[in-house]
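Grab your viewer and work through a few exercises on side-chain packing. Try each task yourself before you read its solution.

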Amino acid sequence: MTVVRLPDRLAARLPGRLADRLGESGRQVVPMVRLHGVIAPTTVPGPRSVINSVTTEKVLERAFARENLAAVALLINSPGGSPTQSALVADRIRGLADEHEVPVLAFCEDVAASGGYWLACAADEIYAHPTSIVGSIGVVSQSFGLEGLLQRIGVERRLYTAGQAKARLDPFLPEKPEDVQWLRGLQDQLHAMFREWVVARRGDRLAPAAEQGTELFDGEVWTGARARELGLVDGLGTPRAVLAERFPDAELVTVEGRKPLLAKIGLAAAGRSSADVVMAVAQAAEIRATWARYGL
């Protein structure tokens with residue numbers, strides 16, 4: 001019987017079980033899943049990807065469905081974003097890892113900050129490059145104060161609400177101290193959840209941080225080298241070097257998600273209304289600003 005051996009990159013794009021049959025070599029396999037982009041509930045056109053529960057579901061399932069699994073590797077490059085989407089994706093990773101009883105290793109690339117670090121903590125072990133940017137265990141909200149803009153351009157805005165809290169922090173209304181206080185209370189709750197998640201996942205590995213006199217949960221970021229000293233990551237190195245050492249007999253296979261054809265050729269905005277296009281442009285600008293916080 002002749003066995004057809006497909007290139008790893010092609011096999012990784014086939015449906016899970018079919019890829020296993022055609023790409024089977026009898027060796028253990030370590031699928032490498034790339035989680036690259038801002039974490040957001042919606043996808044916008046542009047060169048940068050977005051991470052959320054929808055965009056990662058199939059690729060994670062395909063990675064964990066491979067036969068002869070030695071481990072699953074997560075290649076993370078994210079400045080963060082939505083707390084809810086971060087938690088949903090991390091929870092799915094843990095669920096699949098427990099279901100298949102396989103270890104998960106996370107590798108921080110340029111940046112694993114805020115929600116990006118939340119994702120990294122879904123792994124059993126975290127590695128970073130010495131130059132990676134790691135941390136930002138905190139919560140941030142951003143908006144604009146545009147209350148004088150409409151008057152200057154001669155536009156009258158009419159807003160009607162039932163319930164005095166419905167228009168909190170509206171950018172076209174003057175900021176109210178009580179609304180800011182409410183927002184900070186909400187941020188404190190989310191920050192506490194983030195901290196509890198990191199402590200639950202990292203445990204005693206965070207203990208050296210107290211000896212360093214550094215507050216890990218104040219939103220600061222560090223290089224991968226410093227993060228290793230603080231116990232935020234377990235080791236330093238590149239994915240292939242670490243995986244080759246840990247699993248010398250295993251085959252490393254890249255498992256990639258699929259992009260819609262229109263998104264690939266830059267026509268994702270085709271057929272949208274002008275309002276949708278404006279919203280997409282604004283979302284793209286916000287995503288770009290999130291990366292820019294870390295010089296990327």
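**Exercise 1: Around a tyrosine**

Keep in mind that this is a predicted model. Task: find which residues tyrosine 117 touches, leaving out those up to four places away in sequence.

Solution. Start on the lower-numbered side, where tyrosine 117 touches Ala112. Going up the chain, its contacts are Ile126, Val134, Gly135 and Ile137, then Val198, Arg202 and Leu232. Now zoom out: Tyr117 belongs to the largest nonpolar core, which has 45 residues. Along with Val33, Leu74, Val198 and Leu232, Tyr117 touches the most other members. Helix α4 (residues 83-100) supplies the largest share of this core, with five residues. There's also a second, separate core of 14 residues, with Ala70, Ala73, Leu75 and Leu105 among them.

**Exercise 2: Sorting ring pairs**

Task: classify the pairs that tryptophan 118 makes with phenylalanine 194 and with tryptophan 197.

Solution. The structure has three aromatic pairs in total. First take tryptophan 118 and phenylalanine 194: their centres are 5.0 Å apart with 35° between the planes, a tilted pair. Tryptophan 118 sits in helix α5 (residues 115-120) and phenylalanine 194 in helix α7 (residues 177-202), so this pair ties together parts 76 residues apart in sequence. Next, tryptophan 118 and tryptophan 197 have ring centres 6.1 Å apart and planes at 20°, so they count as stacked. That pair also links helix α5 to helix α7, tying together parts 79 residues apart in sequence.

**Exercise 3: Buried or exposed?**

Task: decide whether tryptophan 118 and phenylalanine 194 are buried or exposed.

Solution. The cut-off for buried is under 20% relative accessible area. Tryptophan 118 comes in at 11%, so it's buried. Phenylalanine 194, at 3%, is buried too. Tryptophan 197 is likewise buried, and Trp118, Phe194 and Trp197 make up one aromatic cluster.

Note on methods. Residues are numbered from 1 along each chain as its sequence is written. This is a predicted model: local features need pLDDT of at least 70, side-chain atom pairs count only at pLDDT 80 or more; totals for chains, interfaces and linings use all residues. Side-chain values use heavy atoms; hydrogens and water are left out. A nonpolar core is a set of buried Ala, Val, Leu, Ile, Met, Phe, Trp, Tyr and Cys residues joined through side-chain atoms within 4.5 Å. Buried means under 20% relative accessible area, exposed over 50%, partly exposed in between (1.4 Å probe, protein chains only). Helices (H or I, at least four residues) and strands (E, at least two) are DSSP runs, numbered from the N terminus. Contact means heavy atoms within 4.5 Å. Rings of Phe, Tyr and Trp (its six-membered ring) pair if their centres lie within 6.5 Å; planes under 30 degrees apart count as stacked, over 60 as edge-to-face and the rest as tilted.
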